[in-house]
Amino acid sequence: MDNTIAQLPEFAKEKQNENKKFFAKLRKKPPKDLDYMMQELHEAEFQRTDCLKCANCCKTTGPLFTNNDVVRIAKHFRMKPQKFVETYLRIDEDQDYVLQSVPCTFLGADNYCSIYDVRPKACREFPHTDRKKFQQISNLTMKNVAICPAAFNIVEEMKKRLANK
């Protein structure tokens, strides 16, 4: 798995132009069953993929924290939301709450998340490959294929399936 993760940015870069063209076409004319297909591909991939063997998303990027996330996680720690923000977060250039640093503060050496049950919405939904109207988040997906082996595999399989339609 470590070798795959190390090579992923290179694989994603090799596929970048192909993926850009593919997603541009997908945005213009998405198949009627795209949401269904993405759900199926997502579920099949995550039958094979064990995130605990990877955790590359937690090691290399940080999620956005919504106000609801802040309140929920602060409550979990029995902290005031403002104290949670001061301790763990910063405001980025887009005025969003993000982690002060990566890898994620809440990621253990065993790749387990210490706040898994109350983790941010962005973490719960990552890599967003089962989201409805998938074609609308192609820019996000392009970034995620360089981070997440499962997202990479899902996009490659989706391209194969849609080429046969």
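In helix α2, which spans residues 34–48, E45 and R48 stand 3 residues apart and are thus separated by about one helical turn. In this predicted model, the two residues form a salt bridge, with 2.7 Å between their closest N and O atoms. The partners differ in their exposure: E45 is buried at 4% relative accessibility, whereas R48 is exposed, with a relative accessible area of 61%. Because buried denotes a relative accessible area under 20% and exposed denotes one over 50%, E45 at 4% belongs to the former class and R48 at 61% to the latter.

Helix α4, residues 67–76, holds another such pair: D69 and R72 are 3 residues apart, about one turn of the helix. Their side chains meet in a salt bridge with an N to O distance of 2.6 Å. Here the acidic partner, D69, is buried at 1% relative accessibility, while R72 is partly exposed, its relative accessible area being 27%. Elsewhere, salt bridges with shared partners connect K15, E18, E156 and K159 in one network.

A further salt bridge links the side chains of D50 and K53, at 3.4 Å from N to O. Neither of these residues is classed as buried: K53 counts as exposed at 55% relative accessibility, and D50 as partly exposed at 32%.

The pairs E45 and R48, D69 and R72, and K53 and D50 are among the salt bridges of the structure, which holds 10 in total.

Definitions and conventions. Residues are numbered from 1 along each chain as its sequence is written. This is a predicted model: local features need pLDDT of at least 70, side-chain atom pairs count only at pLDDT 80 or more; totals for chains, interfaces and linings use all residues. Side-chain values use heavy atoms; hydrogens and water are left out. A salt bridge is a side-chain nitrogen of Lys or Arg within 4 Å of a carboxyl oxygen of Asp or Glu. Helices (H or I, at least four residues) and strands (E, at least two) are DSSP runs, numbered from the N terminus. Buried means under 20% relative accessible area, exposed over 50%, partly exposed in between (1.4 Å probe, protein chains only).
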